[in-house]
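Thank you all for coming; I would like to walk through one structure with you this morning, slowly and in a few steps. Please have the sequence and the picture open while I talk.

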Amino acid sequence: MNEDAFDIVVVGGGHAGCEAALAAARLVGSSTRLGARVALVTIRADTIAQMSCNPAIGGLAKGQMVREIDALGGQMARTTDATALQYRLLNRSKGPAVRSPRAQCDRHAYARAMQETLRGQTGLEIIEDVACDIETAGDRVAAVRCESGRRLATRAAIVTTGTFLRGVLHVGTKMWPGGRIGEPAAENLSAGLARLGLVLGRLKTGTPPRVDGRTLDYAHMQEQPPDPDPVRFSFGWPDGPFPNVSCWITETTPEVHELIRANLDRAPLYTGQIRSTGPRYCPSLETKIVRFADRRRHQVFLEPEGRDTPVVYCNGLSTSLPEDVQDRVVHGIPGMERAAILRYGYAIEYDFVPPTQIQPTLETKAVRGLYLAGQINGTSGYEEAAGQGLLAGINAARALQGRPPIVLGRDQAYLGVLVDDLVTKGTEEPYRMFTSLAEYRLVLRHDNADRRLTPVGREVGLVADEAWRRLEAKEREIAETRALLRRVRVEGRTLEDLLRRPDVTWESLAADVPDLAALVISPEAREQVVIEAKYAGYLVRQSAQIERARKMEDRLIPPELDYAAVTHLRTEAREKLARVRPRSMGQAARIAGIGPSDLAVLMIHLKR
Ligand SMILES: Cc1cc2nc3c(=O)[nH]c(=O)nc-3n(C[C@H](O)[C@H](O)[C@H](O)COP(=O)(O)OP(=O)(O)OC[C@H]3O[C@@H](n4cnc5c(N)ncnc54)[C@H](O)[C@@H]3O)c2cc1C
């Protein structure tokens, strides 16, 4: 075999690229590394899997996605568990639908562990180079061209370039090209993508300064201890010790706010120097001060970046103010008066591909075999990127094997909601996942991600026997326990009925019922039984909604449908439907601006 010929070439070794490359190699890679059929081409091998911003994985809705990645057979959860410094289950006191695990990681250990996994993956070759063009033959991908002159012939390409496409960094009035601090931008690939007919847009994001933890005065801060009983991300991860470090909380002051207001004429976000839209839910400090002018304080979370480093990440202080202003802002915050700044905050603008140009498989509509995943699709966040990378890797491999693609439903996974939102609605600002974006969040819990998705991962071929056996055993335990709860009665009521009462817990019931006390059951299976008993009414209602919605999802629209030939369709509806090309009536109904009468017209046309 020609050494530069591959089945799948992944461009970019960020969080999307790592998952894509691993999934692709596990599914189509050969049994040796020498005969690799998958290549990962990335600018620098030593920054593969680098966390560009905060050293944490998970959080609201993101934690659910990481567990979904694990259930499908992806990597992110395992690498997180291997390198976590502390865990917290967010929303612990609220209902199970919105509880989300989050882990603070050792930044360097995480990247190193992921790099080792990639290096150990048979069928995968890592190439240090800059992709500058995608070559096609007819309407198909034929090769990825690199700046070194190397040509990687391939049957599919997955582009996961993150914030690097024509990236420009900003600190105060200074601006310079770069993909992230200390790394070059990818200057030429955008033109290559545009030549293929893809329209590009521009977005912005930013990051806070890092300080030396040895120069902080923790006596003036509030400690944020980790959870004593952590929820691990990976379903099979063994319990065991890990560092369990604390984070610290402090606050900005009215004086700091005043200082920022006085320097807005040097803030690139307010001088017109930065013109692209940034993440709404992760605003810079200067944006918070302008937007919430009456707030006198904003919280700052000080998060250690690792075990063997004094670097501390200042969560909440994202900024691109000039360095002298950043100095004064940091030193004006209680406990940070003598903080040594190790790196200043900065903002970055980069090219993205508005995602209505891709299909729910993440393949572009313009070029067969060309997939896009991660920040290039307008998302923000490691977890959103990793989830897309995994799905793109799976679908690129399946397409080569002639197998049908995996498209997850909105009732099946947050990853399904993510992809559906992107391809149906597009995005004009960095998109991040929230529980409020999912209509079936009681079903899409972090605790049942294995039950929802491990069967999918098994069918795909990414779930090993051990994980599969674990799920089977858990399902058996759940079924047997549920049967017991329905069989045993106390004063005429089944144990299941009793467990539904808000004041009854498993423990209080077991204290009165010897059959239950004698039951040997894993905490994970018991949790499922309890949640499903407590929320049975809501779950039944949600299932009925899902059933109704599924009827619309099952009404498929032929991909080649000529919308111009659909008589009586409004011009606006015709344009929007032709642009998105929905797979189903369900997806068509979610396109902004498509109303019930448009759907009725379309349905009549399809019936004919
Ligand atoms: C300054 C900054 C601040 C951020 N702030 C936040 C935040 O507040 N909240 C949040 O959720 N997310 C934030 N992020 C975003 C987060 O880092 C990304 O969402 C996530 O890393 C995206 O993953 P990715 O795999 O798509 O891309 P990245 O992690 O950016 O990885 C891209 C990879 O592609 C490689 N690459 C790029 N172009 C080429 C090419 N042409 N050829 C070869 N290799 C190439 C790069 O070397 C890199 O390895 C921030 C990112 C930056 C840079």
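How many residues surround the ligand, and which are the closest? In this model, which I should say at once is a predicted one, the ligand is surrounded by 34 residues, and the closest of them are His 15, Ala 16, Ala 131, Gln 375 and Gly 381.

If we ask which elements build that shell, then α1 (15-28), β2 (38-42), β12 (201-207), β19 and α10 (382-400) each supply at least two of its residues, while the largest share, three residues, comes from β12.

Turning to the polar side chains, Ser 52 has a polar side-chain atom 3.3 Å from an oxygen atom of the ligand, and Ser 380 likewise places a polar side-chain atom 3.2 Å from a ligand oxygen atom. For Thr 205, an N or O atom of the side chain lies 3.2 Å from a nitrogen atom of the ligand. As for how far the ligand is covered, it exposes 980 Å² when taken alone, and the protein buries 98% of that area.

Let me now step back to the chain as a whole, where the domain assignment gives domain 1 (210-349), domain 2 (465-539) and domain 3 (555-607). Between domain 1 and domain 2, the C-alpha centres are 43 Å apart.

Next comes a sheet, which is open and has six strands in the order β14-β15-β16-β17-β13-β18, paired in antiparallel fashion. Its edges are formed by β14 (222-224) and β18 (341-343), and because each of these has a single partner strand, one side of each is left without a neighbour in the sheet. On average, neighbouring strands here are turned by 35 degrees against each other, if direction is ignored. At one of those edges, β14 is joined by three bridges to the antiparallel strand β15 (residues 247-251), and there Gln 224 stands opposite Cys 247.

Finally, I would point to two residues whose backbone deserves a second look. Asn 91, in the loop between β4 (84-90) and β5 (100-105), has a positive phi of about 60 degrees although it is not a glycine, and Leu 362, in the loop between β19 (346-352) and β20 (370-372), also has a positive phi, near 80 degrees.

Are these two buried or exposed? Asn 91 is partly exposed, at a relative accessible area of 23%, whereas Leu 362, with 0% relative accessibility, counts as buried.

Terms used:
Residues are numbered from 1 along each chain as its sequence is written. This is a predicted model: local features need pLDDT of at least 70, side-chain atom pairs count only at pLDDT 80 or more; totals for chains, interfaces and linings use all residues. Side-chain values use heavy atoms; hydrogens and water are left out. Domain bounds come from an automatic or database domain assignment. Two strands pair if DSSP finds at least two bridges between them. Helices (H or I, at least four residues) and strands (E, at least two) are DSSP runs, numbered from the N terminus. Axes are lines fitted to C-alpha atoms, for helices over the stretch in contact, and angles run from 0 to 180 degrees between N-to-C directions. Buried means under 20% relative accessible area, exposed over 50%, partly exposed in between (1.4 Å probe, protein chains only). A residue is near a molecule or strand if one of its heavy atoms lies within 4 Å of it. A polar contact is a pair of N or O atoms within 3.5 Å; within protein, one must be able to donate a hydrogen and the other to accept it, and residues adjacent in sequence count only if both atoms are side-chain atoms. Accessible areas come from the Shrake-Rupley method with a 1.4 Å probe; for residues, only the protein chains shown count as cover.
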